[in-house]
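Please go through the structure below with its contacts in mind. A short report follows it.

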Number of protein chains: 2
Amino acid sequence: MSLRNALLGLLVFRPGSGYDLLKMFDTSLGYVWPAKQSQIYGELTKLDATGLIKVTEEGPRGRKQYSLTPEGHAETVRWLTESRESRPQRNPMLLQTFFLGLLPREEAVQRLLDHAETSAKEHDTLVALRDTEDWDKDMLTVCGRLVLEHGIRQRVLEQEWARWAAEQLRAGHVVDPDGGPTGAPGKETDVAESSATGTADA
Amino acid sequence: MSLRNALLGLLVFRPGSGYDLLKMFDTSLGYVWPAKQSQIYGELTKLDATGLIKVTEEGPRGRKQYSLTPEGHAETVRWLTESRESRPQRNPMLLQTFFLGLLPREEAVQRLLDHAETSAKEHDTLVALRDTEDWDKDMLTVCGRLVLEHGIRQRVLEQEWARWAAEQLRAGHVVDPDGGPTGAPGKETDVAESSATGTADA
DNA sequence: CTTCCACCTGTCAAAGTTGGAACGTCGAGC
DNA sequence: GCTCGACGTTCCAACTTTGACAGGTGGAAG
């Protein structure tokens with residue numbers, strides 16, 4: 001339901017075609033709300049039908065420029081005001097982490113360190129972006145920066161956490177079914193045979 | 001595609017019925033990978049058909065206890081080893097933040113502070129959980145703790161970021177179309193009229 | 001002995017997402 | 001004059017997720 005709001009949000013600032021919007025998703029908004037071309041065009045058609053946006057201009061290559069209608073603007077503000085239902089987010093990386101005990105210990109540690117490194121690279125990319133001179137020319141100025149900063153902090157967190165977690169595993173804080181901490185460099189460090197529930201986060 | 005792996009992962013530790021698995025999702029795994037009952041039962045049927053799991057016991061109330069087959073175990077390990085495609089995650093909160101400039105300034109600030117408070121509450125819940133005595137009785141010991149720790153750190157980040165962001169907005173680091181920083185307590189602090197791209201993160 | 005709750009499964013429609021194919025056009029450069 | 005890349009749209013099949021409905025059983029408490 002939020003792709004719809006993302007599109008409306010972008011159209012508040014300036015009218016644009018499906019292609020324009022697609023570009024914005026690819027270069028920026030997509031970092032917090034990915035969307036494919038097929039989905040965007042489809043949603044635009046629906047929004048047009050609903051009357052939240054309308055075609056205000058038709059360009060050369062069959063280009064259709066959409067603009068927000070007053071209803072569309074109202075809907076956007078309503079959406080921003082609406083209370084967010086904070087549902088847990090899917091996180092493939094944490095899901096895997098949950099079951100990392102099934103891998104040999106060194107392999108598990110490596111997985112975590114890889115994550116740290118990936119995050120470090122992403123971090124650098126985002127920082128470079130933040131420090132770009134012409135930022136203000138291309139981006140939603142203020143709030144875009146807030147979101148970008150979140151991304152940067154997030155990457156720092158991922159790095160620190162992953163290294164900490166790797167250390168935990170490496171240090172042998174692994175408890176086998178019988179309870180004692182294991183130091184064995186054995187093949188498979190299958191953890192927690194006896195119980196199958198865990199707790200995590202979003 | 002990962003619900004499948006989540007189910008397999010849980011079944012590695014002990015056989016269980018759809019109902020058992022549902023419980024685990026509700027109380028723990030669901031924090032990193034939410035799933036509804038209808039989805040779980042459906043997926044179990046499919047996994048059974050594929051031969052990755054099989055019914056090893058039928059209980060009183062039509063209960064079907066599933067266990068991993070060797071193929072299922074192999075698949076789980078394969079999945080853990082497989083490289084993760086780090087696709088950006090959807091984040092409704094950041095999506096809204098992106099467009100927060102459409103709200104009157106004080107309202108926007110309040111949105112951010114609300115987020116901080118929500119995160120603080122979640123943080124406390126997770127910390128309480130971490131410090132629970134009988135943790136090891138109910139949870140996947142080691143890796144579950146790693147994931148839990150991630151959740152805790154994440155909540156700290158959210159709080160700090162949200163307060164920082166609120167401060168940024170409040171401090172009037174808002175640039176109007178003409179470029180100058182705005183201090184006006186005006187009705188609508190519509191930001192960034194002139195440009196419609198932003199950059200964010202996952 | 002009845003009632004209620006926890007247990008336990010199944011199915012379905014609707015919506016959201018993914019990934020890809022297909023098709024046409026304008027402009028720049030060779 | 002041709003080609004190629006960027007522009008620009010539409011459609012579709014497959015899969016995932018959500019939310020609800022529908023139904024049946026065992027045991028404990030009153």
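The report covers chain A, the two DNA strands, and then the helices and two buried residues.

## Chain A in outline

This is a predicted model. Chain A carries eight helices and two strands. Along the sequence their order is α-α-α-β-β-α-α-α-α-α.

Chain A has 202 residues, and 51% of them are buried. Take the contacts in chain A between residues at least 6 apart in sequence: 54% of these join residues at least 24 apart. The accessible surface of chain A is about 9,500 Å². Carbon and sulfur atoms hold 52% of that surface.

## Around DNA strand D

DNA strand D is surrounded by 23 residues. The closest are Gln37(A), Tyr41(A), Lys64(A), Ser38(B) and Gln39(B). Of the strand D atoms that come within 4 Å of the protein, 66% belong to sugar and phosphate. By class, the surface near strand D splits into nine charged, eight polar and six nonpolar residues. Three helices each supply at least two residues to this surface: α2 (18–27) and α3 (37–50) of chain A, and α3 (37–50) of chain B. The top contributor is α3(B), with four residues.

Several atom pairs involve phosphate oxygens of strand D. For Tyr41(A), a side-chain N or O atom is 2.4 Å from a phosphate oxygen. For Tyr19(A), the side-chain distance to a phosphate oxygen is 2.8 Å. Gly18(A) uses its backbone instead: an N or O atom there lies 3.4 Å from a phosphate oxygen.

## Around DNA strand C

DNA strand C has 22 residues around it. Nearest are Ser38(A), Gln39(A), Tyr19(B), Tyr41(B) and Lys64(B). Sugar and phosphate make up 64% of the strand C atoms within 4 Å of the protein. The nearby surface comprises five nonpolar, eight polar and nine charged residues. Here α3 of chain A, with α2 (18–27) and α3 of chain B, each give at least two residues. The largest share is that of α3(A), with four residues.

Which atoms of strand C lie opposite the polar side-chain atoms of Gln37(A) and Ser38(A)? In both cases it is a base oxygen. The distance is 3.5 Å for Gln37(A). For Ser38(A) it is 2.6 Å. Lys36(A) meets the backbone of the strand: a side-chain N or O atom sits 3.0 Å from a phosphate oxygen.

## Helix α6 in both chains

In chain B, helix α6 runs over residues 105–130. It has 26 residues and reaches 38 Å from first C-alpha to last, close to the 38 Å expected. In chain A, α6 also covers residues 105–130, with 26 residues and a reach of 38 Å.

The buried residues of α6(B) include Arg105(B), Arg111(B), His115(B) and His123(B). Among the others are Ala108(B), Leu112(B), Ala116(B) and Val127(B). Their cover includes α4 (70–81) and α8 (141–170) of chain A, plus α5 (92–98) and α8 (141–170) of chain B. In α6(A), the buried set includes Arg105(A), Arg111(A), His115(A) and Leu126(A). These buried residues pack against α5 (92–98) and α8 of chain A and against α4 (70–81) and α8 of chain B. An α-helix has 3.6 residues a turn, so residues three or four places apart point the same way.

## Two buried residues

Gln159(B) sits in helix α8 of chain B. Is Gln159(B) buried or exposed? It counts as buried because its relative accessible area is 17%, under the 20% cut-off. Beyond its neighbours within four places in sequence, Gln159(B) contacts Ala116(B), Ser119(B), Ala120(B) and His123(B). Those four are among the buried residues of α6(B). The C-alpha atoms of Gln159(B) and Glu117(B) are 7.1 Å apart, although 42 residues separate the two in sequence.

Thr76(A) belongs to helix α4 of chain A. Its relative accessible area is 1%, so Thr76(A) is buried. Leaving out residues up to four places away, Thr76(A) touches Leu8(A), Gly9(A), Val12(A) and Leu68(A) in chain A. It also touches Leu102(B), from the other chain.

Definitions and conventions:
Residues are numbered from 1 along each chain as its sequence is written. Chains are lettered from A and ligands numbered from 1 in the order in which they are written. This is a predicted model: local features need pLDDT of at least 70, side-chain atom pairs count only at pLDDT 80 or more; totals for chains, interfaces and linings use all residues. Side-chain values use heavy atoms; hydrogens and water are left out. A residue is near a molecule or strand if one of its heavy atoms lies within 4 Å of it. A polar contact is a pair of N or O atoms within 3.5 Å; within protein, one must be able to donate a hydrogen and the other to accept it, and residues adjacent in sequence count only if both atoms are side-chain atoms. Ala, Val, Leu, Ile, Met, Phe, Trp, Tyr, Cys and Pro count as nonpolar, Asp, Glu, Lys and Arg as charged, and the others, Gly among them, as polar. Buried means under 20% relative accessible area, exposed over 50%, partly exposed in between (1.4 Å probe, protein chains only). Contact means heavy atoms within 4.5 Å. Accessible areas come from the Shrake-Rupley method with a 1.4 Å probe; for residues, only the protein chains shown count as cover. The expected span of a helix is 1.5 Å times one less than its number of residues.
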